[in-house]
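Q: I would like to go through the labels put on this structure and ask what stands behind each one. Please set each value against its cut-off.

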Amino acid sequence: MILLILPIFFPLLGFLSLAFSVGRWNNKFCALVSTICIGSAFLVTMWMGINFFHYKPVEYHFTLWNWISIKDFIVKFNLSLDGLSLTMLTIVTGIGLIINIFSCWYMRGQEGLARFFAYTNLFISSMSILVLADNLLFMYLGWELVGLCSYLLIGFYYTNRSNGYAALKVFLITRIGDICLVLAIFILGFLGSSLNFQDIAIYAPKLAVDNKILLEWATFLLLCSAIGKSAQFPLHTWLSDAMVGPAPVSALIHAATMVTAGIYLIVRTQILFVLNADILNIVGIIGAITLLFAGCTALVQRDLKRLLAYSTMSQLGYMFLALGAQAWEAAIFHLVTHAFFKALLFLTAGAIILACNNEQNILKMGGLRTSIPFLYICFLVGGASLASLPLCTSGFFSKEKIFLSLLYHGNINLLIIALLGSLITSIYTCRMIFLIFYGSQKIKVRILDRDLTFYLPLLVLVILSTFIGTIAIPPFMNFNQEIKSAKTFLSLRLELLTVSIVLLGIGISIFLWLSRRNFGIRRYMSQSSLGRFFITSGLNGWGFDWLFNHIVILPYRKIAILVLRDPAQNIINKLPHMLFNMVGIKMIKIEKHGMLRIYIRQIILGLMLIVTILLLM
């Protein structure tokens with residue numbers, strides 16, 4: 001099916017056009033080109049979806065080219081489309097288009113608009129590669145390109161040095177997960193003759209008997225890569241710092257696409273996790289820890305975007321909980337609904353921050369519901385879906401699937417943690433809404449120029465964040481009959497319990513932040529030693545940045561300084577020369593001269609030498 005290449009090609013064409021036109025096209029034309037390219041990818045995806053439902057095949061395939069063919073080990077650059085990849089591709093191109101349209105309004109008049117849209121198009125193309133690749137090696141190409149694009153977009157405001165440091169931090173911490181993915185690919189390539197997902201599903205059961213330890217290591221490394229990309233504990237510290245980018249970047253990367261790549265990886269390689277039950281249990285435990293940790297941290301946040309970032313970690317924790325219980329469909333269902341309401345929250349937050357003259361501290365806001373009523377409605381709908389307001393929001397239905405799956409599979413401990421997380425989510429969500437929109441107004445709001453590119457994306461996301469968003473069941477959603485038959489009296493009691501917990505959280509928030517009789521309680525909570533410790537620790541990320549800084553960053557910097565201080569005498573620089581001298585190769589000289597043409601000449605000569613040796617052999 002040749003159409004499979006078009007969702008990759010159109011955004012890539014937009015990237016190339018915009019990258020080579022910097023300074024030549026005006027901002028309006030750059031925005032138009034970007035919207036047309038991403039919109040074309042979305043239309044092609046919709047057309048493929050119609051064909052998918054009409055003909056109901058198991059899978060579509062399209063071969064680009066054969067890359068590696070060594071005896072039985074063959075790696076092809078193939079694209080494949082099934083229910084899972086179609087669901088993810090629809091989210092990537094659909095939400096990407098909505099955010100791109102909003103960016104036409106949000107980024108208007110800012111410097112480097114062509115560069116921004118070029119990066120956005122490259123990101124959409126990279127995510128499409130990641131989603132459509134039919135083997136781990138091809139998927140890794142999209143995986144790395146997504147990481148590169150996140151660095152470019154997060155550090156878009158590069159004139160601010162702190163923004164550059166934040167982008168670099170994101171890039172380096174996610175590299176930990178990327179290295180784990182490379183090692184997993186090496187192990188699976190060593191164990192089997194193919195890295196194709198379908199072939200892995202076939203030979204994995206045999207490997208679970210013959211090479212169980214190596215297969216466990218490969219699965220564990222896949223989990224580590226997913227943890228890094230999806231900002232799960234303990235590799236979660238990068239997500240809150242990534243909020244320095246523009247609001248559309250936060251909505252695109254940290255709500256709907258990049259952070260869900262780890263979820264997609266686990267679901268795509270689910271056979272490996274099913275064969276390694278202990279690692280699958282770790283997935284659920286990691287999700288539970290992240291869910292509670294991020295929720296408690298969000299309770300004390302003052303920066304609006306950082307608060308939404310921690311809520312993203314918490315919701316991704318729900319998805320890991322579902323994966324740990326083998327509720328693959330429930331995890332993807334919540335991924336889809338989360339993309340709707342979190343993109344709505346991030347875009348609305350960006351507009352609120354602009355209206356408040358770039359103020360992000362929610363304690364300095366208040367009473368904004370009368371000044372910006374449309375944004376108040378949008379944020380209220382998004383917040384209601386985040387808090388899982390019963391029956392009327394998409395978030396309620398997706399979380400209910402997760403709770404039901406945990407109940408059915410007997411994961412009672414994880415279910416209790418999920419319910420506790422639901423209480424915390426409703427509390428910090430209502431706190432955020434009450435502090436921003438209720439009480440006395442503390443800041444002067446400026447009037448924003450609005451047009452169709454402002455209203456249309458928010459209205460579409462508002463509709464999708466309600467129960468209407470759950471009507472269009474994604475293609476991957478095929479809840480098995482056992483889960484459906486679990487609608488027993490016990491499951492109905494669970495639904496009533498979840499509703500009661502959400503309403504309890506709303507009631508607690510109303511008492512703490514809206515009631516006039518709560519002053520003494522809030523004052524005691526903020527001034528007691530335990531309260532001060534909780535607030536200070538939460539605002540500082542519970543010390544994880546300090547821990548990473550002293551365990552990883554500072555030792556690495558000291559080694560780097562040692563190497564650079566005296567390159568001629570340093571043992572690390574002399575080691576290659578010593579190795580070459582040991583084998584008698586003295587004709588090769590490694591220099592640091594900075595001349596690109598000499599580097600290219602050496603690379604070409606080296607490749608010619610290797611090819612000659614292989615031909616002679």
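Q: Where is Leu-496 placed?
A: Leu-496 is in helix H21 (residues 489-513). Helices are DSSP runs of H or I with at least four residues, strands are runs of E with at least two, and both are numbered from the N terminus.

Q: Why does Leu-496 count as exposed?
A: Its relative accessibility is 61%. Exposed means over 50% relative accessible area, buried means under 20%, and partly exposed lies in between (1.4 Å probe, protein chains only). At 61%, Leu-496 is therefore exposed.

Q: How far apart are Leu-496 and Pro-390 in sequence and in space?
A: They are 106 residues apart in sequence. Their C-alpha atoms are 9.7 Å apart in space.

Q: What kind of model is this, and which limits apply?
A: The model is predicted: local features need pLDDT of at least 70, side-chain atom pairs count only at pLDDT 80 or more, and totals for chains, interfaces and linings use all residues. Residues are numbered from 1 along each chain as its sequence is written, and side-chain values use heavy atoms, with hydrogens and water left out.

Q: How many disulfides are there, and what makes a disulfide?
A: The count is zero. Cys-224 is in no disulfide, and the nearest cysteine sulfur, that of Cys-180, is 4.5 Å away. A disulfide needs two cysteine sulfur atoms within 2.5 Å, so a distance of 4.5 Å does not qualify.

Q: Are Cys-224 and Cys-296 buried or partly exposed?
A: Cys-224 has a relative accessible area of 15%, so it is buried. Cys-296 stands at 23%, so it counts as partly exposed.

Q: What makes the contact of Glu-144 and Arg-175 a salt bridge?
A: A salt bridge is a side-chain nitrogen of Lys or Arg within 4 Å of a carboxyl oxygen of Asp or Glu. For Glu-144 and Arg-175 the N to O distance is 2.5 Å, so the pair qualifies. The pair links distant parts of the chain. Glu-144 is in helix H5 (residues 136-154) and Arg-175 in helix H6 (residues 161-191), 31 residues apart.

Q: Which other salt bridge does Arg-175 form?
A: Arg-175 also bridges to Asp-178, with the closest N and O atoms 2.8 Å apart. Both residues lie in helix H6, three residues apart, about one turn of the helix. Glu-144, Arg-175, Asp-178 and Lys-229 are linked in a network of salt bridges. The structure holds eight salt bridges.

Q: Which of Glu-144, Arg-175 and Asp-178 are buried, and which are partly exposed?
A: Arg-175 is buried at 14%. Asp-178 is buried at 2%. Glu-144, at 22%, is partly exposed.

Q: How do you know that the charged end of Arg-175 sits over the ring of Phe-171?
A: The charged end is 4.1 Å from the ring centre. The rule asks for NZ of Lys or CZ of Arg within 6 Å of the ring centre and within 35 degrees of the ring normal. The 4.1 Å value therefore meets the distance limit. Arg-268 sits over the ring of Phe-197 in the same category, 5.8 Å from its centre.

Q: Why is the pair of Tyr-376 and Tyr-438 called edge-to-face?
A: Rings of Phe, Tyr and Trp (its six-membered ring) pair if their centres lie within 6.5 Å; planes under 30 degrees apart are stacked, over 60 edge-to-face, and the rest tilted. By this rule there are 23 aromatic pairs. Tyr-376 and Tyr-438 have centres 6.1 Å apart and planes at 75°, so the pair is edge-to-face. Tyr-376 lies in helix H16 (residues 373-386) and Tyr-438 in the loop between helix H18 (412-437) and helix H19 (452-465), so the pair ties together parts 62 residues apart in sequence.

Q: What makes the pair of Phe-379 and Phe-437 tilted?
A: The centres are 5.7 Å apart and the planes are at 50°. That angle is neither under 30 nor over 60 degrees, so the pair is tilted. Phe-379 lies in helix H16 and Phe-437 in helix H18, so the pair ties together parts 58 residues apart in sequence. Both residues are buried.
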